[in-house]
Amino acid sequence: MTNNQGRPKVIFLDAVGTLFGVRGSVGEVYGEIASRFNVKVSPELINQSFYKSFKASTPAAFPGATPAQIPEREFEWWKAIAGQTFKTAGVFYQFSDFDAFFTEAFAYFATDQAWFIYPDVLPALESWHQKKIELGIISNFDSRLHAVLKALNLADFFTSVTISTEVGAAKPNSQIFIAGLQKHNCSAETAWHIGDSFKEDYQGAKAVGMQGIWVKR
C-alpha cells in the first residue's frame, strides 16, 4: 500500500477485501454452519452460488431508512442473499429452520473469527498514523463493521467510518464518498481512496475528484 502521489490530508480505505478478508471462504463458513443443521453441501458449490447471488443483488443501501430500521434491513438484505445462495446450490429446502441457520451465520461474521488482516495493512496504517495523516473507511459492508474493526484491533486507527447502509448510497455512488469527505472537512483533491474494486473504489473515487488507488488482492 504505497503511492508516489503528493501527501494527502486524508486516506480513506475500503474494508472487506482491502483491510481484511474472509478466513477460509464464505462457502466454507456457510457449509460448516449448515452441517450443524444437517444440511450437507460442498463449500465450493456454496462459494460459487454465494458470489453469483451477491453480484445479482441490489446495493446494500436503504435510502429513507431511520437509524433504528437499518440493522433489520441489513439482516434481511443478507438473509435474502444467503437464501438465494442455498437455492442456487439446490439445498435450501433441506433446512428445517433456515432462520436459525442464518441468525448464527450473520452473528459469526461480526466476530474476529471470520476475518484475517492482510499482512501489508498494519505497517501501512502505522506509517500513516505516525505521519499524522487522517484515516477513514468508506465501505459497502454494513453496521457490523464497527464490531469487526474493534474485534480486529483496527478501530483506533480511523477517525471516521462511512458505511453504505448508514448513508443510503453504495459505492460507486458519489454520495458515499462525499459523506466521508464531509466528516473530515476536506476537499476531494486532498484525499485518497484505496480499495480492491476497480469500479466501486477506483472509478468511484476518481469520479468525485479523489486520488483512486486500486489494490489487487
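**Exercise 1. Which residues of the largest nonpolar core touch the most other members?**

Keep in mind that you're working with a predicted model.

Step 1. The largest nonpolar core holds 59 residues, and Phe20, Tyr30, Phe86 and Phe101 are the ones that touch the most other members.

Step 2. Now look at where the members come from: helix α3 (residues 70–88) gives the largest share of this core, six residues.

Step 3. Zoom in on Tyr30. Skip residues up to four places away in sequence, and Tyr30 touches Ile46, Phe50, Ala82, Phe86, Phe101, Phe102, Ala105 and Phe109.

Step 4. Don't stop there, since another core of 12 residues lies apart from this one, with Val10, Ile176, Leu181 and Cys186 among them.

**Exercise 2. Work out whether Leu154 is buried or exposed, and find its contacts.**

Step 1. Find Leu154 in the loop between α6 (144–151) and β5 (160–163).

Step 2. Check the accessibility. Buried means under 20% relative accessible area; Leu154 has 0%, so Leu154 counts as buried.

Step 3. List the partners. Setting aside neighbours within four places in sequence, Leu154 contacts Phe20, Ile117, Leu122, Leu125 and Leu149.

Step 4. Take one of these, Leu125: Leu154 is 29 residues away from Leu125 in sequence, but their C-alpha atoms are 9.0 Å apart in space.

Step 5. For background, nonpolar side chains tend to be buried together in soluble globular proteins.

**Exercise 3. Lay out the strand order of the five-stranded sheet and say why β5 and β7 each have a side without a neighbour.**

Step 1. The sheet is open, its pairing is parallel, and the order reads β5-β4-β1-β6-β7.

Step 2. β5 and β7 (211–214) sit at the edges with a single partner strand each, so one side of each has no neighbour in the sheet.

Step 3. On average, neighbouring strands are turned by 20° against each other, ignoring direction.

Step 4. Trace the pairs. β1 (residues 10–13) and β4 (residues 134–139) run parallel and are joined by four bridges, and Leu13 stands opposite Ile137 in β4. β4 also pairs with β5 in the parallel sense over four bridges, where Ile138 has Thr162 in β5 as its bridge partner.

Step 5. Look along β5: Ser160 and Thr162 point one way, Val161 and Ile163 the other, and all are buried.

**Exercise 4. Identify how helices α6, α8 and α9 go with the strands.**

Step 1. α6 belongs to a right-handed β-α-β unit with β4 and β5.

Step 2. α8 (residues 174–184) lies across β1, β4, β5 and β6 (191–195), and runs at about 160° to β5.

Step 3. α9 (residues 198–207) packs on the sheet, where α9 touches β6 and β7 and its direction makes about 160° with that of β7.

Methods:
Residues numbered from 1 in each chain as written. Predicted model: local features only at pLDDT ≥ 70, side-chain atom pairs only at ≥ 80, totals over all residues. Heavy atoms only, no water. Core = buried A, V, L, I, M, F, W, Y, C linked by side-chain atoms within 4.5 Å. Buried < 20%, exposed > 50% of the residue type's maximum accessible area, 1.4 Å probe, protein only. Helix = DSSP H or I, 4+ residues; strand = E, 2+ residues; numbered from the N terminus. Contact = heavy atoms within 4.5 Å. Pairing = 2+ DSSP bridges. Axes fitted to C-alpha atoms, helices over the stretch in contact; angles between N-to-C directions. Right-handed = clockwise from strand over helix to strand, strands pointing away.
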